[in-house]
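Here are my notes on this model, point by point. Please read them with the structure open.

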Amino acid sequence: MPKFIPVSEPTITEKEIEYVLKAVKSGWVSSLGEFITKFEEEFAKFVGTKFALTVSNGTAGLHLALVSCGIKEGDEVIVPDLTFIATANAVKYTGATPVFADIDKDTWCISTEDIRKKITSRTKAIIPVHLYGHPADMDPILKIAKEYGLYVIEDCAEAHGAEYKGKKVGSIGHCGVFSFYGNKIITTGEGGMITTNDENLYERARYLRDHAMIKERRYWHTEIGYNYRMTNMQAALGLAQLERVEEIIQRKREIFRWYQEGLKGLEGIRINPEKEWAKNVFWMVCLLIENFDEEKRDNFMKNLRERGIDTRPFFYPCSMMPMYRKDGFENPVSYEIYRKGVNLPSSYNLEKEDITYICNEIKTQLYK
């Protein structure tokens with residue numbers, strides 16, 4: 001049996017261990033401590049925003065951003081159909097309704113044309129997701145948002161360091177939300193960050209994050225808030241990761257180039273796009289196989305796993321899920337692409353010989 005190659009694993013060095021140990025030894029192990037402040041300051045610099053706010057995870061960040069923007073019961077928020085379910089669920093937490101727009105066939109991100117079709121008098125926000133590390137086409141989205149007076153909350157969970165026309169994602173809309181789950185480009189184990197240039201939005205989110213406790217009177221709460229804080233230990237890990245982020249992104253892009261070389265010339269397949277206006281950070285290297293349906297995709301993945309290669313399918317469209325399903329509703333591009341898509345091993349720790357082996361096994365499975 002060949003060695004097992006996972007889809008993803010974190011990259012942890014002596015720097016991360018040193019910072020986490022320092023946090024533990026300081027005694028500040030909960031949601032106060034020097035690493036919280038430093039991580040927020042440095043992440044804001046990295047993204048290019050005035051403010052950054054640590055949160056307990058990316059889903060909490062989306063919920064907190066939505067609430068801070070005033071999204072409530074009766075409102076609608078447009079989200080891409082092809083995304084991790086947290087994007088839609090965070091909308092539902094507020095009492096609002098997620099409205100599923102189709103995706104663009106070239107970028108796999110939300111379709112600006114379909115956003116327009118899905119706007120109603122109840123629409124209050126758009127959440128573009130920078131899927132698998134590729135930025136959504138933000139200029140048309142911002143134009144639509146301005147025209148209709150909508151908030152734009154960027155879901156950057158998979159796209160730390162990705163760029164749209166030279167600007168980092170998370171600095172383009174009203175705010176951005178990042179995830180630091182263990183498989184993300186940088187990790188705090190669990191955790192997330194809200195980024196924004198809007199001081200009012202930042203202060204509102206910071207207030208609600210800590211049980212809506214006012215600054216002037218300890219343990220006095222004027223409304224219902226949340227416990228969405230990150231710990232100092234997590235922030236220590238995050239800060240160490242952030243200091244290595246350019247190195248990590250460079251390696252991600254190198255791994256993608258190795259896949260490009262190894263799969264070059266194969267008919268009927270596509271791998272991640274990168275538009276001329278974008279910098280893709282290739283969170284996951286993705287393979288689309290044109291003649292696949294779910295059964296063929298799953299058999300392909302099973303055969304690769306028997307050869308020691310871990311894979312996973314693309315996200316299912318949110319509108320397929322039982323709690324969101326409506327009879328007769330289907331976004332054609334989202335429903336087509338999820339059936340054909342496979343995420344390949346994309347870890348920082350991969351070597352070129354690993355990619356060569358994976359590509360050779362892909363060829364064997366496709367042409368046997």
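1. Helix α1 covers residues 14–26 of this predicted model. Its length checks out: 13 residues at 1.5 Å each should span 18 Å, and the end C-alpha atoms are indeed 18 Å apart. The expected figure counts one less than the number of residues.

2. Which residues of α1 are buried? They are Glu 16, Tyr 19 and Ala 23. Viewed down the axis of α1, the buried residues fit within an arc of 70 degrees, so they line one face of the helix. Their cover includes α2 (34–47) and α8 (232–242).

3. The face of α1 turned away from the buried side is a separate matter. Glu 14, Glu 18 and Lys 25 sit there, and they are exposed. Just after the helix, Gly 27 adopts a positive phi of about 85 degrees.

4. Now the sheet. It is open, with seven strands in the order β1-β9-β8-β5-β4-β2-β3 and mixed pairing. β1 (51–55) and β3 (97–101) are the edge strands, each pairing on one side only. From one strand to the next, the twist averages 25 degrees.

5. Look at one pair in detail. β8 (residues 175–179) and β9 (residues 192–196) run antiparallel and are joined by four bridges. Phe 178 has Met 193 of β9 as its bridge partner.

6. Two helices lie across strands of the sheet. α2 crosses β1, β8 and β9, and runs at about 130 degrees to β1. α4 (residues 86–93) lies across β2 (76–80), β3 and β5 (151–155), at about 150 degrees to β3.

Conventions. Residues numbered from 1 in each chain as written. Predicted model: local features only at pLDDT ≥ 70, side-chain atom pairs only at ≥ 80, totals over all residues. Heavy atoms only, no water. Buried < 20%, exposed > 50% of the residue type's maximum accessible area, 1.4 Å probe, protein only. Arc of directions from axis to C-beta. Contact = heavy atoms within 4.5 Å. Pairing = 2+ DSSP bridges. Axes fitted to C-alpha atoms, helices over the stretch in contact; angles between N-to-C directions.
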